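Please open the model in a viewer and keep the sequence panel at hand. The stops below are arranged so that each selection leads to the next.

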Amino acid sequence: MELQHFSHQHPLVFNEEQSHESEVYCSGCGEVVSGPNFSCLECGFYLDKQCAEAPSEMNHPFHRNHSLSLLVSSPYPVGLVIWCDFCNKKCEKFVYHCSCGLDFHIKCALFSYIIAEKKVDHLQHIAYKDPSISPENLSQELKETKCFACWKPLADSPYLSPDSGFSLHKKCIELPLEINHLCHRQHFLSLQFNSGRLPCQICQETQPRGVGYCCSICKFVLHIECMSPSPIIEDHEHPFTRWLTQFSYTCNACGTLGNYVSYICSTCCLMVHNKCTSLPPLIKHAYHQHPLFHKYFVVDNESGTLECGMCHEEVNKKCGSYYCSHCNFVLHVNCALQKTAWYYKIESKEDYEKALVADTGDAPFFVIKDGENVINTEIKHFSHQHNLVLSEMVKDDDRYCDGCSMLITTSFYLCLQCHFSLHKTCAELPRKKLIWIHFHQLPLNLIPDFYFRCVFCQVQCSGFAYKCMENLCGQLFCVRCAEVSLIRTSQGHKHPLLYYYEYDGKYCNACGGSTDGISIYRCKGCDFNVHFSCTFLPQKARHKCDEHLLTLTYHEDSDYSKYHYCDICEEKRNPNIWFYYCEICDTSAHPTCVLGDFPFVKVGTSGFFNNEHPHSLVVVKKDYDYPECCKLCGKPCSDLAVECAKTRCNFIIHFKKCVW
């Protein structure tokens with residue numbers, strides 16, 4: 001028997017079974033051919049019987065609006081990955097495609113068609129597994145697997161044997177194709193693929209794959225799990241009872257709108273979402289130093305409004321929120337719980353008391369000598385072998401801090417026996433610190449003499465680093481990011497600036513760049529926005545273009561366009577963004593031109609930067625003599641480089657190109 005299949009130029013010959021000694025793969029589904037198949041031996045082309053006999057057009061009961069077309073290759077531009085709308089895995093062979101954007105593996109389309117048509121005889125050879133019989137034998141992979149229909153955990157109820165290749169609950173296979181539901185009384189609801197990616201009208205969430213009950217006329221969708229919510233929930237101090245309504249309502253637990261299905265506590269006079277019946281009553285959140293209690297309303301005797309500490313929008317005090325009465329700090333419920341990495345539940349008195357205490361570790365230094373007004377004039381700091389002496393005399397010797405690697409322009413501690421120096425503020429940094437922007441809510445350790453890339457600002461740094469020791473995490477934060485606060489001031493703006501984890505659609509007033517996908521500080525009233533990283537620009541900086549220190553300047557006083565040029569790169573400069581300026585010499589320059597590519601790396605820092613070289617290397621700056629880069633690129637080393645600390649070793653490599 002021969003078959004002329006549309007996917008191949010030659011006739012295909014039918015084989016009752018696979019006769020080749022080596023494995024061959026079906027060109028339709030990509031699986032190993034093990035049974036009846038069609039093949040072209042001349043081309044080495046194979047189709048198993050099910051793929052070969054699949055219709056080129058399919059009217060699928062779960063997608064009544066359009067037919068599905070069987071395609072040999074992707075209908076999308078080259079490089080665009082297709083994900084199956086049934087199993088959520090990558091499509092690399094034949095695909096059933098609909099113009100509305102639905103795509104399926106050939107086997108997924110055929111199997112879901114069998115389920116929709118209720119052809120139970122096709123499933124009789126497949127066994128079901130009951131996870132309640134021996135739950136201890138469930139693998140971690142199986143515990144994380146989701147049902148292809150409802151996208152809830154597969155191990156929650158009896159499911160189809162994994163040998164079938166499909167992850168489906170038994171109850172989802174047996175779902176009726178049409179239902180009448182009290183939440184949508186005017187039309188029946190059909191079990192369909194959610195091709196419009198519409199949110200469920202009850203939980204307001206969008207299920208990325210699977211099926212749901214839909215009304216195509218009204219664009220109404222119900223998730224399978226939301227179709228029959230539990231009548232009573234016991235997570236509250238009193239039972240919550242299900243209440244069906246035709247009207248929308250405001251959830252008393254989170255303050256957002258809900259539709260159709262609510263849960264009420266008549267004793268407390270509460271109406272809440274299903275998902276809000278089990279909110280954690282007490283959490284420790286990264287955005288606040290104290291534990292936060294869930295409150296159904298906030299008693300605030302002051303007449304002013306309360307703003308969420310994350311989104312900075314008003315919080316309805318009559319509805320639920322997470323609140324710290326000690327600090328009058330509040331978060332919207334949905335803001336507080338949007339990322340599980342940002343909070344943890346406090347479930348015992350011990351956890352609560354632990355969350356109240358900040359562990360700062362041992363003191364960073366011992367006092368050797370006190371001065372007037374209890375000022376520590378001489379100390380022994382844990383990061384250095386010699387004593388350090390306090391100095392208020394800032395000389396023009398371009399001294400940089402060994403803690404933060406920034407130019408020293410304020411009081412500092414110095415070593416009289418070597419060139420080690422620390423800002424007074426850097427010397428006082430705690431040896432342990434809780435950094436709220438890190439997902440492990442445990443204090444990080446202060447590590448000296450380190451060379452690293454900060455995990456948050458992604459800048460290469462030298463000096464002090466805060467390191468996470470939890471579960472081999474090892475993430476490193478620079479001392480600037482460790483001091484990030486939710487509110488900060490800037491000399492570039494008259495009002496306090498509020499922290500936003502992400503804020504799209506604006507431009508940074510400091511550098512002119514887009515804020516899309518970047519953490520910023522913002523003044524809502526003035527629409528003033530500054531990148532998180534731009535707030536770290538030093539107030540004073542040194543550059544060889546000027547004999548004096550350059551000062552960070554926030555606006556251009558001169559209206560003459562001829563002055564709007566950078567004196568370093570000689571390119572035009574935007575007068576509306578920040579720049580460095582010397583008032584004495586009338587020198588102005590871009591911040592990037594003044595600071596260079598590595599503003600937080602101190603020249604003279606030593607370490608093992610290259611795994612191929614056995615000796616310690618030192619960061620040096622080559623302004624005039626440009627020796628050739630050893631072993632790597634062979635080009636002259638200009639600006640920053642690292643060279644061997646041993647005087648008789650001539651090893652040197654580029655810092656920018658060959659170290660990073």
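Which residue in S27 does Lys284 stand opposite? Select Lys284 together with Tyr344: Lys284 stands opposite Tyr344 in S27. Before going further, note that this is a predicted model, in which local features need pLDDT of at least 70 and side-chain atom pairs count only at pLDDT 80 or more, while totals for chains, interfaces and linings use all residues. Residues are numbered from 1 along each chain as its sequence is written, and side-chain values use heavy atoms, with hydrogens and water left out.

**Stop 1: strand S21 and its neighbours**

Extend the selection to strand S21, residues 282-285. Helices (H or I, at least four residues) and strands (E, at least two) are DSSP runs, numbered from the N terminus. Both faces of S21 are covered: Leu282 and Lys284 on one side, and Ile283 and His285 on the other, are all buried. Here buried means under 20% relative accessible area, exposed means over 50%, and partly exposed lies in between (1.4 Å probe, protein chains only).

Now add strand S27 (residues 343-345), which runs antiparallel to S21 and is joined to it by three bridges. Two strands are said to pair if DSSP finds at least two bridges between them. Strand S22 (residues 291-295) also runs antiparallel to S21, again with three bridges. Within S22, Phe293 is the bridge partner of Leu282. The connection from S21 to S22 is a hairpin through five residues.

**Stop 2: helix H2**

Select residues 106-116, which form helix H2; 10 of its 11 residues are buried, so the helix is largely enclosed by the rest of the structure. Among the buried residues are Ile106, Lys107, Cys108, Leu110 and Phe111. After H2 comes Lys118, whose phi is positive, near 55°.

Keep Lys107 selected and add Glu31 and Asp48: these three residues are linked in a network of salt bridges. A salt bridge is a side-chain nitrogen of Lys or Arg within 4 Å of a carboxyl oxygen of Asp or Glu.

**Stop 3: further salt bridges**

How many salt bridges does a search of the whole structure find? The search finds 14, and three pairs are worth displaying.

Begin with Glu53 and Lys49, whose closest N and O atoms are 3.0 Å apart. Glu53 is partly exposed, with a relative accessible area of 48%, and Lys49 is also partly exposed, at 33%.

Next, display Lys171 and Glu225, which meet in a salt bridge at 3.6 Å, N to O. This pair links distant parts of the chain, 54 residues apart: Lys171 is in helix H4 (residues 170-173) and Glu225 in helix H5 (residues 224-227). Lys171 counts as partly exposed at 41% relative accessibility, as does Glu225 at 34%.

Then move to Asp527 and Lys506, joined by a salt bridge at 3.3 Å, N to O. Asp527 lies in the loop between strand S39 (520-523) and strand S40 (528-531), and Lys506 in the loop between strand S38 (493-500) and S39, so the pair ties together parts that are 21 residues apart in sequence. Asp527 is partly exposed, with a relative accessible area of 34%, and Lys506 is partly exposed at 25%.

**Stop 4: Asn529**

From Asp527, step to Asn529 in strand S40. Is Asn529 buried or exposed? At 2% relative accessibility, Asn529 counts as buried. Its side chain reaches the backbone oxygen of Asp527 at 3.4 Å. Not counting residues up to four places away in sequence, Asn529 touches several residues, including Lys506, Tyr507, Cys508 and Tyr521; contact means heavy atoms within 4.5 Å.

**Stop 5: an open sheet**

Select S33, S34, S35 and S36, which form an open sheet of four strands in that order, with antiparallel pairing. The edge strands, S33 (432-433) and S36 (476-478), each pair on one side only. Two bridges join S33 to strand S34 (residues 444-453), and Lys432 stands opposite Asn445 in S34.

**Final view: the whole chain**

Clear the selection and display the entire chain, whose secondary structure comes to 10 helices and 48 strands. The C-alpha atoms fill a box of roughly 90 × 75 × 60 Å, taken along the principal axes. Of the 660 residues, 46% count as buried.

Technical notes. A polar contact is a pair of N or O atoms within 3.5 Å; within protein, one must be able to donate a hydrogen and the other to accept it, and residues adjacent in sequence count only if both atoms are side-chain atoms.
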